[in-house]
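Morning, everyone. Here is the structure I want to walk through today. Please have a look at it before I start.

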Amino acid sequence: MDVAETSQTIVEESNAAIIQERWTELQFTWGGKTYKLDVADSDRLFDLKTAIYNLTKVPNERQKILGFVKGKLPPDQSRISELPIVPTKKFTLIGTPEGDEIKDPAQLGSLPDVVNDLDVDFTENMVASNRYQHDARNIRKVQEATKNLQVNIIHPLREGKKLLVLDIDYTILDTKPLTSGSLPPAECARPGLHEFLEAIYPYYDICIWSQTSWIWLETKLVELGMVGAHRNYEISFVLDKTCMFTVFTERDNKPWTHSVKALQIIWNHFPQFNARNTIHVDDLSRNFALNPKEGLKISAFKNAHTPEAWADRELQKLSRYMVHIAGVNDFTMLSHKNWKNVVKHLPGP
């Protein structure tokens with residue numbers, strides 16, 4: 001089976017999972033108007049609130065949902081199929097919508113996590129990862145994200161190249177001083193950023209996937225000289241937070257939610273890429289939840305103004321590793337977990 005057939009099979013299996021879902025039509029009133037929406041059994045209450053937000057622009061934390069279930073509204077991670085929904089399937093929403101103005105992430109307080117003490121390594125918990133991957137809701141979320149994705153190809157993809165999916169926030173730059181303007185963009189970049197991208201570019205097409213919004217991201221990539229500058233590398237395309245979705249599980253026997261970057265969304269759009277030729281570099285292992293074997297964790301880059309940050313050589317090491325494995329036909333045969341140990345045993349540059 002070739003790559004295209006494999007991708008088609010994955011899509012068909014995912015669609016089959018969607019067809020088997022049971023959907024419920026709900027009605028709610030807000031501001032004197034009536035709205036309708038559909039929810040699937042595998043959805044969480046969080047998904048219902050997100051759908052309400054899409055219709056009304058009332059943020060989740062401001063939503064007061066009255067008459068939806070019998071008794072107190074349960075936690076966001078509760079599945080729709082488990083809720084005691086009132087027989088009429090009608091409810092009332094109270095809440096003030098957010099403004100339509102565009103604000104910088106620094107003002108919104110929606111910066112990506114700078115502290116990753118709640119991170120988790122899914123390569124050490126494949127059982128949890130398998131639950132994520134086979135959850136009907138998550139399969140559907142991947143398909144919805146695939147359908148909604150409109151990729152702007154900045155530079156044409158090249159035949160026969162592997163794919164690097166690269167995080168930006170605290171992976172290749174210190175985001176905090178960049179958004180606040182306390183340091184010039186060039187001084188926020190991780191040392192060796194451009195040299196790293198130039199070194200791996202002969203072997204990999206480059207996708208930037210950020211947890212921030214495209215409006216902010218595009219400007220910062222230009223300021224950093226990664227887009228629109230004359231470099232010996234090109235960024236092929238960029239994905240932002242709209243391509244991510246929230247997943248639900250437990251950690252230490254307590255509910256735990258986080259966002260994920262599902263590589264299948266990219267693979268569905270570009271069937272030349274798959275698990276055999278894609279590597280995802282990020283400072284947060286939890287972003288690998290749906291693709292743990294393709295993830296390579298890099299240490300977070302913070303405090304860009306300090307001597308310790310200036311001495312950072314993480315990207316230099318990473319470029320050696322990625323060039324070293326570029327000739328491997330099937331990345332699924334590799335484990336990126338100990339990539340630094342591999343670099344230690346490579347011949348000197």
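A reminder: this is a predicted model. Let me begin with helix α9, residues 214-223. Which of its residues are buried? Trp216, Leu217, Lys220 and Leu221. Look down the axis of α9: these buried residues fall within an arc of 125°, so they line one face of the helix. The general background is simple. An α-helix has 3.6 residues a turn, so residues three or four places apart point the same way. Just past α9 comes Gly225, with a positive phi of about 80°.

Now the sheet. It is open, with five strands and parallel pairing. The order is β7-β6-β5-β10-β11. At the edges sit β7, 237-239, and β11, 295-297, each pairing on one side only. On average, neighbouring strands are turned by 25° against each other, direction ignored.

Go to the β7 end. β6, residues 204-209, pairs with β7 in the parallel sense over three bridges. There, Trp209 stands opposite Leu239 of β7.

Next, the helices on the sheet. α8 lies across β5 and β6, and runs at about 160° to β5. α12, residues 314-325, packs on the sheet too. Helix α12 touches β5, β6, β10 and β11, and its direction makes about 170° with that of β10.

Last, Arg190. Where does it lie? In the loop between α7 and α8. Buried or exposed? Arg190 is buried, at a relative accessible area of 1%. Its side chain makes a polar contact of 3.0 Å with the side chain of Asp312. Arg190 also touches other residues, including Tyr170, Phe301 and Glu314.

How values were computed
Residues are numbered from 1 along each chain as its sequence is written. This is a predicted model: local features need pLDDT of at least 70, side-chain atom pairs count only at pLDDT 80 or more; totals for chains, interfaces and linings use all residues. Side-chain values use heavy atoms; hydrogens and water are left out. Helices (H or I, at least four residues) and strands (E, at least two) are DSSP runs, numbered from the N terminus. Buried means under 20% relative accessible area, exposed over 50%, partly exposed in between (1.4 Å probe, protein chains only). A polar contact is a pair of N or O atoms within 3.5 Å; within protein, one must be able to donate a hydrogen and the other to accept it, and residues adjacent in sequence count only if both atoms are side-chain atoms. Contact means heavy atoms within 4.5 Å. The arc is that of the directions from the helix axis to the C-beta atoms. Two strands pair if DSSP finds at least two bridges between them. Axes are lines fitted to C-alpha atoms, for helices over the stretch in contact, and angles run from 0 to 180 degrees between N-to-C directions.
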